[in-house]
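Work through the exercises below with the model open beside you, and try each task before reading its solution.

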Amino acid sequence: MTAIWAGIDAGKTHHHCVVVNGTGKRLLSRRVANDEPELLRLLADVLALGDDVTWGIDLADGGALLIDLLLNHGQHTLYSPGMAVNRASEGYRGEGRTDAKDAAIIADQARIRRDLQPLRPGDELVTELKILTVHRRDLTDDRTRAINGLRSHLTGSFPALERALDLTNAGPLVPLTGHQTPAAVRRTGVRRLETWLRNRKVRGAAPLAQAAMEAAESQHTSVTGEKPTARLVHTLAREVMRLNEQVAEIDKLIEARFREHKHAMVIASMPGIGPLLGAEFLAATGGNMTAFATPDRLAGFAGVAPAPRDSGKISGNLHRPKRYSRGLQRVFYTSALISIRYCDESRRFYDRKRAEGKRHTQAVLALARRRVNVLWALLRDGRCYESIPPVTAAT
């Protein structure tokens with residue numbers, strides 16, 4: 001049986017494939033378009049070179065056409081992280097960097113390494129959650145940029161109003177769609193402004209109108225460029241409101257899809273983890289703990305387990321690992337922060353770590369690390385979290 005290794009340097013429009021044999025000799029080097037007929041021809045040509053083919057690729061997105069095509073044809077495919085390929089390139093001849101060289105390195109790394117993670121067919125529900133959570137992150141990033149721009153323009157033209165309004169809430173955005181300058185607010189008057197807000201179903205219309213009027217009374221100077229700034233404030237306020245509606249809609253969709261997953265009840269039973277964080281956890285891990293033989297591996301992947309950096313006489317030198325899932329770290333760190341407020345066990349653990357002299361961030365990370373163990377065990381056993389451990393009756 002002839003064993004060969006195929007390395008693919010993946011790109012947006014084209015990929016480069018290099019095939020090597022057991023001695024590292026190149027058998028094929030080809031640039032192919034990211035198109036199904038081209039990829040199928042490449043697959044046939046590679047399979048004709050050997051009986052046992054192992055594929056290596058530097059792209060881990062399960063939605064990629066190339067990966068799905070390989071997995072659908074039963075090909076053993078390994079994931080070689082881009083950072084690992086970049087570091088490994090220092091040990092190969094030549095200082096230049098090309099797609100062909102990267103593909104050859106990936107193929108050789110797949111040949112000699114035994115720690116590369118195999119790619120598996122993705123769960124359709126998990127893939128959908130991954131797409132939805134990424135889209136939600138894009139929407140929230142757009143909303144944050146719009147709010148920052150809105151604050152910037154208000155600070156320059158109407159700073160008192162910017163201080164009076166909490167633009168992260170929906171209600172304070174509504175006045176900005178109709179009244180963007182001190183003069184406009186004064187002309188309207190507090191009673192008419194309150195009525196105007198009530199007609200648009202704004203909660204707390206009276207205090208909101210009063211706060212806007214007090215801000216307007218404190219500024220009687222019309223700044224240079226007030227009119228174009230007012231138009232931008234109007235546009236950005238409507239943009240933030242539109243993004244708020246889109247985020248609310250996708251939140252409902254994510255929650256509905258998350259509830260359909262077989263591990264949803266187990267994950268949501270953990271204090272501090274709701275549908276959104278639970279969906280992000282599934283998107284990052286697939287919800288399948290077989291890929292993480294121990295909770296230590298899950299903690300390392302989540303970036304909440306320190307990595308040792310000892311050298312010579314220096315020992316016990318621990319640092320945050322460089323390679324980890326930032327999305328998964330956010331899940332455990334954020335849920336730990338929430339659990340401190342609502343879970344007595346988490347609060348006691350956090351207070352104990354603070355009493356030991358740890359800073360706030362260190363104590364939260366320690367709690368997040370502990371929660372990794374708990375969630376891993378719950379998913380392994382298929383049971384929900386209980387605040388008080390069950391008492392075993394004496395026999």
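Three exercises follow, each with a worked solution.

The model is predicted, with local features requiring pLDDT of at least 70 and side-chain atom pairs counting only at pLDDT 80 or more, while totals for chains, interfaces and linings use all residues. Residues are numbered from 1 along each chain as its sequence is written, and side-chain values use heavy atoms, with hydrogens and water left out.

**Exercise 1.** Determine how α9 and α10 are oriented to each other, and which residues meet.

Solution. Begin with the geometry: α9 (residues 190-199) and α10 (residues 205-217) pack at an angle of about 135°, and their axes are 9 Å apart. Helices here are DSSP runs of H or I with at least four residues, and strands are runs of E with at least two, numbered from the N terminus. Axes are lines fitted to C-alpha atoms, for helices over the stretch in contact, and angles run from 0 to 180 degrees between N-to-C directions. Next, classify the angle: under 35 degrees counts as roughly parallel, over 145 as roughly antiparallel, 65 to 115 as roughly perpendicular and the rest as oblique; α9 and α10 are therefore oblique to each other. Finally, list the contact (heavy atoms within 4.5 Å): Val190, Leu193, Glu194, Leu197 and Arg198 in α9 meet Ala205, Ala206, Leu208, Ala209, Gln210, Ala212 and Met213 in α10.

**Exercise 2.** Establish whether glutamine 75 is buried or exposed, and describe its surroundings.

Solution. First locate glutamine 75, which sits in the loop linking α2 (65-72) to β5 (76-79). Buried means under 20% relative accessible area, exposed over 50%, and partly exposed in between (1.4 Å probe, protein chains only); glutamine 75, at 14% relative accessibility, therefore counts as buried. Its side chain reaches the backbone oxygen of histidine 73 at 3.3 Å. Beyond neighbours within four places in sequence, glutamine 75 is in contact with Leu43, Leu47, Val53, Trp55 and Leu70. Turning to the preceding helix, Leu66, Ile67, Leu69, Leu70 and Leu71 are buried in α2, and the elements covering the buried residues of α2 include β1 (3-9), β2 (14-20), α1 (36-47), β4 (52-57) and β5. Just after α2, glycine 74 adopts a positive phi of about 70°.

**Exercise 3.** Work out how α15 is oriented relative to α17.

Solution. The packing angle between α15 (residues 326-342) and α17 (residues 360-381) is about 100°, with the axes 8 Å apart. That value makes α15 roughly perpendicular to α17.

Note on methods
A polar contact is a pair of N or O atoms within 3.5 Å; within protein, one must be able to donate a hydrogen and the other to accept it, and residues adjacent in sequence count only if both atoms are side-chain atoms.
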